Amino acid sequence: MFPARSHMLLVIGVVLGISSLYSIWGKIADVPTRDCVNCDAGWYQQIAAEGYRTPVDGDLGHWHGADIHQTEWAFFPLYPWAVRATVQITGSSTADSMLLLGALLSGLLALLALRFFTVLKGTAVAFWGVMALLLQPFGIYFHLGMTEALFLCALLGAFYSVARHSSMGLAVCSTALVLTRPNGLFLLPVLLVYAVEVDGARIDDIWRKPYRWLKRSWPLAFPVMAFAAYGVFQWDRTGDPFAFSSAQAGWGRSFTWPFMGFFNGGDIATQFDSWYTLALFALAIAVRKKLPLSFNLLIAVSILLPLCSGSVASMPRFSTVLFPLFLLAGDVMARSRWRIPILAAAFLLQLGWFHLWLHGELITC
């Protein structure tokens, strides 16, 4: 089952329209934040231009009151490598290359989602699900120098590869997954669970018939090796194979219970993120019976892992890649008379969020 060509063209048109709008609007605004200094984008821009530097005195990051030291080791390498490659290919500045790469990755993730959603639910649901994904209020993060677009491309590609029994596709996409974000490693078992579901087997078959599932999951050895190789690189440069984790101290994050980050600050960002995360929890619980186990695990891992760092910061951004929720949204909108007004309202909120981002008045990033 394949998506209609008209749907594909319309989806690409929406992606190009949004990316062009952001680029033109940013140039007209002519403010410093246009040069990708907001949120994590500034760090990715620095890594793309200068690489990873050896930390001074081995200090990967700390936060002691007003004494704050942050380093680029908190960020994984695949996205800044992709930005650097774009700079070398196009000859553009790092900031412009990030915008161009955002447009390309957004188009790719939209086509992957359209293809995968079509396999799962048919063309009508797939189309409206992709529209919901692109026009969501926090969709700006697909375009503005963040890892969301690349991570979602890898995630959708990995699930689609499992559905199509493509071992090579699974190896490539899952490797990209773990080199884009650390939680990619924790999603590898989720992909195995999805493989069990695709094959029509039972979950307990994983340990009842281990040889069969070892044979099915051999492509996942590649991302594990890639993650280990990146650990060796960190060890060589910093003396810490888990420098990415140690560097989180510069953002006041450390491993803790998931509920510790809620409402732990009086600022607007913490309050907003806390209420948003609670609403996301409620939604995940409400729709759990409509989703297979693998999709529920994906949502749970994607929400709980960031919370275990003791912070609710950036949860709206992290939630943009929860594609099962947008698949369900597509199912609802395919049957709704209000789908156009709903999507229009969502996109207006997205534009409002972009305005805040441009002027450095972020509620959350």
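Contact, as the word is used on this tour, means that heavy atoms lie within 4.5 Å of each other. The model on your screen is a predicted one, and each stop below names what to select and what is there.

Begin by selecting L152, and leave aside its neighbours within four places in sequence; what remains in contact with L152 is L109, L133, F142, T320, V321 and F323. Keep L152 and F323 highlighted and add F116, F117, L134, L155 and F159, because these seven are the residues that touch the most other members of the largest nonpolar core, a set of 108 residues. Colouring helix α6, residues 148-163, comes next, since this helix gives the core its largest share, 12 residues. In soluble globular proteins, nonpolar side chains tend to be buried together.

From α6, follow the chain into the loop that leads to α7 (167-180), where H165 has its place. The phi of H165 is near 55 degrees, a positive value in a residue other than glycine, and H165 is partly exposed, with a relative accessible area of 47%.

For a second residue with a positive phi, select S314, which sits in the loop between α14 (293-307) and α15 (315-318). Its phi is near 70 degrees, and S314, too, is a residue other than glycine. Is S314 buried or exposed? With a relative accessibility of 6%, S314 counts as buried, because buried means under 20% relative accessible area.

Now select helix α8, residues 188-198. Of the 11 residues in α8, 8 are buried, so this helix is largely enclosed by the rest of the structure. The buried ones to highlight are L188, V190, L191, L192, V193, Y194, A195 and V196. Following α8 is G200, whose phi is positive and near 70 degrees.

The last stop is a cavity, one of the 3 cavities of 30 Å³ or more that the structure holds. It is the second largest cavity, with a volume of about 40 Å³. Which residues line the second largest cavity? Select V162, L170, L191, L192, A195, R216, S217 and L220, and the lining is complete. Helix α8 supplies the largest share of this lining, 3 residues, and L191, L192 and A195, which are among the buried residues of α8, can be picked out in the lining as well. Sorted by class, the residues around the second largest cavity are 6 nonpolar, 1 polar and 1 charged.

Definitions and conventions. Residues are numbered from 1 along each chain as its sequence is written. This is a predicted model: local features need pLDDT of at least 70, side-chain atom pairs count only at pLDDT 80 or more; totals for chains, interfaces and linings use all residues. Side-chain values use heavy atoms; hydrogens and water are left out. A nonpolar core is a set of buried Ala, Val, Leu, Ile, Met, Phe, Trp, Tyr and Cys residues joined through side-chain atoms within 4.5 Å. Buried means under 20% relative accessible area, exposed over 50%, partly exposed in between (1.4 Å probe, protein chains only). Helices (H or I, at least four residues) and strands (E, at least two) are DSSP runs, numbered from the N terminus. On a 1 Å grid over the protein atoms alone, a cavity is a set of points where a 1.4 Å probe fits but cannot get out, and a pocket is an open set with protein on both sides within 12 Å along at least five of seven lines; lining residues have an atom within 4 Å of a point. Grid points are joined across faces, edges and corners, and a volume is the space filled by probe spheres set on the points. Ala, Val, Leu, Ile, Met, Phe, Trp, Tyr, Cys and Pro count as nonpolar, Asp, Glu, Lys and Arg as charged, and the others, Gly among them, as polar.
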